[in-house]
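Open the model in your viewer and keep the selection panel at hand. The tour goes from one selection to the next and says what is there.

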Amino acid sequence: MTQQINHGSPRVDVLLPYYRGAPYIERALASLRAQSYQHWRLTIVDDHSDDSSLDNLRKLIRQDQDRIQLYVQAANGGAAATRMRAAQETSAELIAFLDQDDAWHPKKLQLQVEHMLENPDCGAVHTDMVFIDENDQVITGAEEDENGRRALIKWRGTRDEVSRILFEKNCIRIISSMVRRSAFEYVGGFNTSLNGGEDWEFWTR
């Protein structure tokens, strides 16, 4: 199911679904540009934004046209459909997911790529998280319950143990994850008929 990456600095395809994201997208892009691991390409799919936010987005990505590509959907289809469109327009073996209203820790990609290189049988890796306010300040303690529950899970347990956990609760934040394309395609990617919960359904498969 998984494929070993033989070169030392593999490209990561970052997929970002976009819809009326003007208030948030600049911060998300800044967190990507600030990554310590710079071998990435960003694919944004606009889900038929019907306001001026698409024009704003085009201005923000103009400086990185060599590694940021933008596609615009002819009709609104939801997050699952936009992520699948982005996946179909890319080819790197490593895929990461960034949402317009989220930001990454500067070493997020570096640490996950290192983990994938060191663990060739690993199909996906994910992280804990923190909550931040509109001024990028950490909301102290807001993450304790969620990260605490995740810490109790034996992620290296048997397939049945992990599957049972995932059926009970969506324990993986999609924007914290990195997935091998071979594993992503093996399970069929996201179910585009779903409008919400598509990441949970994806992880269970």
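**Stop one: Arg-27**

Select Arg-27 and show what surrounds it. Leaving aside neighbours within four places in sequence, Arg-27 is in contact with Asp-101, Ala-103, Ile-132, Asp-133, Glu-134 and Asp-136. The model is a predicted one. Draw a C-alpha to C-alpha distance from Arg-27 to Glu-134: the two are 107 residues apart in sequence and 9.9 Å apart in space. Arg-27 lies in helix H1, and its relative accessibility of 22% makes it partly exposed.

**Stop two: helix H1**

Extend the selection to H1, residues 25–33. Which residues of H1 are buried? They are Ile-25, Ala-28, Leu-29, Ser-31 and Leu-32. These residues sit on the same side of H1, because the arc they cover around the axis is only 160°. Now add what lies over them: the cover of the buried residues of H1 includes E1, E2, H2 and H4.

**Stop three: the sheet**

Switch to a cartoon view and colour the strands. The sheet is open, has six strands with mixed pairing, and follows the order E3-E2-E1-E4-E6-E5. Its edge strands are E3 and E5 (124–125), each of which pairs on one side only.

Begin at the E3 edge. E3 covers residues 68–72 and runs parallel to E2, with five bridges joining the two. To see one of these pairs, select Ile-44, whose bridge partner in E3 is Leu-70. Add helix H2 to the view: E2, H2 and E3 together make a right-handed β-α-β unit.

Move on to E1 and E4. They pair in the parallel sense over four bridges, and Val-14 has Ala-96 in E4 as its bridge partner.

How do E4 and E6 pair, in the parallel or the antiparallel sense? The sense is antiparallel, over three bridges, and E6 is residues 178–180. Select Leu-94 to find Arg-180 of E6 opposite, then Ile-95, whose bridge partner in E6 is Val-179.

Stay on E4 and show its side chains. Both faces of this strand are covered. Leu-94 and Ala-96 are buried on one side, and Ile-95 and Phe-97 are buried on the other.

**Stop four: the nonpolar cores**

Hide the cartoon and show side chains. In soluble globular proteins, nonpolar side chains tend to be buried together. The largest nonpolar core here has 27 residues, and Val-12, Leu-42 and Leu-109 have the most contacts inside it. Two or more of its residues come from each of strand E1 (12–18), helix H1 (25–33), strand E2 (40–46), helix H2 (53–61), strand E4 (94–97) and helix H4 (108–118).

Centre on Leu-42. With neighbours within four places in sequence left aside, its contacts are Val-14, Leu-16, Leu-29, Leu-32, Arg-67, Ile-68 and Gln-69. Leu-29 and Leu-32 are also among the buried residues of H1.

Another core lies apart from the largest one and has 19 residues. To locate this second core, select Leu-15, Val-45, Ala-183 and Phe-190, which are among its members.

**Stop five: helix H6**

Select residues 159–168, which form H6. Val-162, Ile-165 and Leu-166 are buried there. The arc that these three cover around the axis is only 95°, so they are on the same side of H6. Rotate to the other side of H6, where Asp-160, Phe-167 and Glu-168 are exposed. To see the packing partner, add residues 198–204: this is helix H8, against which the buried residues of H6 pack.

**Stop six: the cysteines**

Select Cys-122 and Cys-171. How many disulfides does a search of the whole structure find? The search finds zero. A disulfide is a covalent bond between the sulfur atoms of two cysteines. The cysteine sulfur closest to that of Cys-122 belongs to Cys-171 and is 16 Å away, so the two are too far apart for a bond. From the side of Cys-171, the nearest cysteine sulfur is likewise that of Cys-122. Colour both by accessibility to finish: Cys-122 counts as buried at 15% relative accessibility, and Cys-171 counts as buried at 10%.

Terms used. Residues are numbered from 1 along each chain as its sequence is written. This is a predicted model: local features need pLDDT of at least 70, side-chain atom pairs count only at pLDDT 80 or more; totals for chains, interfaces and linings use all residues. Side-chain values use heavy atoms; hydrogens and water are left out. Buried means under 20% relative accessible area, exposed over 50%, partly exposed in between (1.4 Å probe, protein chains only). The arc is that of the directions from the helix axis to the C-beta atoms. Contact means heavy atoms within 4.5 Å. A disulfide is a pair of cysteine sulfur atoms within 2.5 Å. A nonpolar core is a set of buried Ala, Val, Leu, Ile, Met, Phe, Trp, Tyr and Cys residues joined through side-chain atoms within 4.5 Å. Two strands pair if DSSP finds at least two bridges between them. A crossover is right-handed if, with the strands pointing away from the viewer, the path from the first strand over the helix to the second runs clockwise.
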